[in-house]
Amino acid sequence: MAAGTEGSETESQLRWLAAHLLRCGLLDVDLRWDEAAGAGLPGTISFGESWSAGVARLERGEPVQYVIGETDFMGMRFFCDAWALIPRPETELVVEAAEAFAREALAAPYGTWPRPLPVLDVCTGSGCIACSLAARLGDAASVAASDISADALALARKNATALGVGVALRKADLFEGVAPASVALVTANPPYVSSADCDRLPRNVRDWEPRLALDGGAGGMEIISRLVAGAADVLLSGGRLVMEIGEDQGPAVRELLCQERTTMRMLELRRDFAGRDRVVVAERLPR
Ligand SMILES: C[S@@+](CC[C@H](N)C(=O)[O-])C[C@H]1O[C@@H](n2cnc3c(N)ncnc32)[C@H](O)[C@@H]1O
């Protein structure tokens with residue numbers, strides 16, 4: 001593969017673009033590139049144009065996932081566009097913690113939890129959390145998802161359709177319109193970067209990913225605070241909130257849950273692959 005720019009980050013993005021255009025895995029790019037060169041593919045007008053256009057977009061700093069229009073999450077392929085955050089590997093931890101609780105609830109004696117298990121993913125963006133849970137839990141759960149952005153919801157709908165999973169999608173400001181004590185499991189990866197830090201994010205994030213998906217207001221805690229209070233209202237007794245947070249927000253979220261001590265309690269603060277605080281698991285106390 002002809003890499004026009006230096007740097008391992010750039011090279012891996014070029015490889016990703018090539019894999020997409022050559023319709024092969026990342027490890028097969030060199031082989032497919034040479035085979036395709038033999039068959040004249042990289043010299044064809046359509047391939048050449050797609051490659052040049054893709055490289056030009058990467059050179060402008062656009063994330064490769066937007067350039068190729070897709071990414072992998074939980075072993076599935078999700079469409080990506082500039083209206084929603086690109087699903088991140090650490091968000092898979094939210095799905096894993098949520099699925100563990102759902103399986104526990106589904107194994108409980110009949111009548112303990114409503115069936116199918118009501119699950120709600122707020123701030124759904126591309127729908128990656130909701131679609132993954134719907135795919136993993138099948139008919140045992142009824143997964144709903146919402147976002148304040150109609151454009152993000154359109155992407156989530158496209159992903160749910162392509163993956164063949166049932167997710168009830170709705171435009172809403174957090175829990176707007178959700179009945180009290182009606183949900184067993186709430187998942188969320190809310191915007192949690194402080195407004196000040198948003199301006200200091202790496203350029204490929206700051207200039208390309210939607211501010212609405214990133215900006216958590218002053219201290220990054222505005223949406224998280226509303227989310228914790230709203231979850232206490234919509235969750236059934238014993239239900240769970242599984243939420244992604246910023247690496248430095250563990251103590252503040254713990255404090256927030258302490259303030260809600262009659263309604264919620266922190267069960268767990270999970271770390272990500274880099275050992276940073278990343279996912280909060282909290283329980284709705286009995287009403
Ligand atoms: C960090 S992105 C997460 C997207 C997706 N869940 C993921 O993990 O990749 C946050 C999402 O929250 C949405 N959002 C921001 N404010 C919201 C609000 N008040 N109510 C509902 N959704 C909101 C944004 O539109 C964005 O799609």
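This is a short chat about a predicted model with a ligand, two helices around that ligand, another helix and a hairpin.

Q: Which residues are closest to the ligand?
A: The closest are Cys123, Asp147, Asp173, Asn189 and Ala213, out of 20 residues that surround the ligand.

Q: What lies 2.7 Å from an oxygen atom of the ligand?
A: That is a polar side-chain atom of Asp147. Asp173 also has a polar side-chain atom by the ligand, 2.9 Å from a nitrogen atom.

Q: And which backbone lies 3.2 Å from a ligand nitrogen?
A: A backbone N or O atom of Thr124 does.

Q: How much of the ligand's accessible area does the protein cover?
A: The protein covers 97% of the 600 Å² that the ligand has on its own.

Q: How do the shell residues divide?
A: Into 12 nonpolar, five polar and three charged. Helix H10 (211–214) and helix H11 (222–234) each supply at least two residues of that shell.

Q: Switching to H5, what span should its 16 residues have?
A: At 1.5 Å a residue, residues 92–107 should span 22 Å, and the end C-alpha atoms are 23 Å apart, so the two agree.

Q: Which H5 residues are buried?
A: Among them are Leu93, Val94, Val95, Phe101 and Leu106, and Glu99 is buried too.

Q: Now the hairpin: how do E8 and E9 run, parallel or antiparallel?
A: Antiparallel, with seven bridges joining E8 (residues 264–271) to E9 (residues 277–284). Arg270 stands opposite Val279 in E9.

Q: What about the turn between E8 and E9?
A: Five residues lie between the strands, and Gly275 in the turn has a positive phi of about 80°.

Definitions and conventions. Residues numbered from 1 in each chain as written. Predicted model: local features only at pLDDT ≥ 70, side-chain atom pairs only at ≥ 80, totals over all residues. Heavy atoms only, no water. Pairing = 2+ DSSP bridges. Helix = DSSP H or I, 4+ residues; strand = E, 2+ residues; numbered from the N terminus. Expected span 1.5 Å × (residues − 1). Buried < 20%, exposed > 50% of the residue type's maximum accessible area, 1.4 Å probe, protein only. Near = heavy atom within 4 Å. Polar contact = N/O pair within 3.5 Å; in protein donor to acceptor, adjacent residues only side chain to side chain. Areas by Shrake-Rupley, 256 points an atom, 1.4 Å probe, with all protein chains shown as cover. Nonpolar A, V, L, I, M, F, W, Y, C, P; charged D, E, K, R; others polar.
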